[in-house]
Amino acid sequence: RCHEGRVNYDQIARIEELGDLLFDERPTLVCQADLVRAVLMTARFDFVEAQAALARWQHQPMAVAGRQHWGRVQSSLGQHSAFQGRWQEAEDHFVRALDAFGGLSDQALGVAEAVQTGTYRAIAAMDGEKDDLTTVRALVESVLLLEPDTIHDLASDESASQQYSHHLLLRYLVYFGTPGERAVYLSGCTPWCRAHGHPWPLIQAYRALLFYPEEPDLGTKLIRDGYRLATEHNTGPTTRLIGAALGVIAMTWGVSPMVRPEDIQSLRGVLPAASSSLDVLERALRVHPGDPLVFLAKVLPFNFR
């Protein structure tokens, strides 16, 4: 649940303090703790502090943290760069991470780590290589095959093990997919086949964008479901921000008001680093936000959408 944006700053300070004390004794454990701190800061849109949480590892040799954790540091740094739109820097970090994971003696572990980082890399390429479909497609296919059977099967898959691949596939289909690929997905899609938690609000939103406007009623129901998944069941502030963006899109499709100015003000109090995204949301309540994909890109960076 780290992605939800819930943070106890006293605990974070204590973890940093213990890391300083234990660095020479248990460096891998300290590295893991710093990686968690970075994830927590990332989930609060504080990408500068997220990078600072890993500062002590940026110039350490691989042997200090160990190959797996050194690779995770590189992968995290790549994500921080991608969140801030520094695409080549992100790519360089992802490549270093994948090289590290490729050298793990436990090959199954290496593959699992590579799939996760490969997913980040492919998503970053969708934003940074907008005009290079060949590169984007190749990076997506390094994680999942864009074959009809794979696309069809993922369309109705609600398992936790496939949810991030499912999100990656849908993001690709909406932004870059061919009409034939989209048709295969829609033919296998069970719209209400879904689970709770991230990234299911986004999966429902991208499904909505695939169905709308040809099937506006279904598209509207899906975007509303994504909104509910992101805002109900005591979700954290980052997830609620994602939900607010989906709610605004639903409102442009004719749904009665779902997002109120006070909702955005409430988020400002707990996500101060997300002020620019919240400004876009606030403006969208007064002026039609236009193309939903352009709007989402302004509010939700990198793999927050």
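Tyrosine 172 and phenylalanine 176 are both buried in this predicted model. Their two rings also make an aromatic pair of the stacked kind, with 6.4 Å from centre to centre and 15 degrees between the planes. Those two numbers are the usual way in: a pair of aromatic rings is described by the distance of the centres and the angle of the planes. The planes here count as stacked because the 15 degrees of this pair falls under the cut-off of 30 degrees.

Tyrosine 175 pairs up with tyrosine 206, and this time the arrangement is edge-to-face, at 6.3 Å centre to centre and 70 degrees between the planes. What does this pair tie together? Tyrosine 175 belongs to helix α10 (residues 163–175) and tyrosine 206 to helix α12 (residues 200–211), so the pair links parts that are 31 residues apart in sequence. As for exposure, tyrosine 206 is buried, with a relative accessible area of 1%, whereas tyrosine 175 is partly exposed at 26%. Tyrosine 175 has some charged company too: the charged end of arginine 171 sits over its ring, 5.3 Å from the centre.

Taken together, the aromatic pairs number eleven. Ring pairs also join Phe45, Phe47, Phe83, Tyr120, Phe302 and Phe304 into a cluster.

One member of that cluster, Phe302, turns up again among the contacts of isoleucine 123. Isoleucine 123 is found in helix α7 (residues 107–128) and is buried, with a relative accessibility of 1%. Which residues does isoleucine 123 touch, leaving aside its neighbours within four places in sequence? They are His167, Leu168, Arg171, Phe302 and Asn303. Tyrosine 172 comes back here as well: its C-alpha atom and that of isoleucine 123 are separated by 8.2 Å, although the two residues are 49 apart along the chain.

Helix α11 (residues 179–188) is a good place to look at the two sides of a helix. Glu181, Tyr185 and Gly188 are buried there. Viewed down the axis of α11, the buried residues fall within an arc of 75 degrees, so they line one face of the helix. The spacing in sequence helps explain such a pattern: an α-helix has 3.6 residues a turn, so residues three or four places apart point the same way. On the other side of α11, Pro179 and Ser187 are exposed. What do the buried residues of α11 pack against? Their partners are α8 (133–141), α9 (148–154), α10 and α12. Two of these, α10 and α12, are the helices that hold tyrosine 175 and tyrosine 206.

Methods
Residues numbered from 1 in each chain as written. Predicted model: local features only at pLDDT ≥ 70, side-chain atom pairs only at ≥ 80, totals over all residues. Heavy atoms only, no water. Phe/Tyr/Trp six-rings, centres within 6.5 Å; stacked < 30°, edge-to-face > 60°. Buried < 20%, exposed > 50% of the residue type's maximum accessible area, 1.4 Å probe, protein only. Helix = DSSP H or I, 4+ residues; strand = E, 2+ residues; numbered from the N terminus. Lys NZ or Arg CZ within 6 Å of the ring centre and 35° of its normal. Contact = heavy atoms within 4.5 Å. Arc of directions from axis to C-beta.
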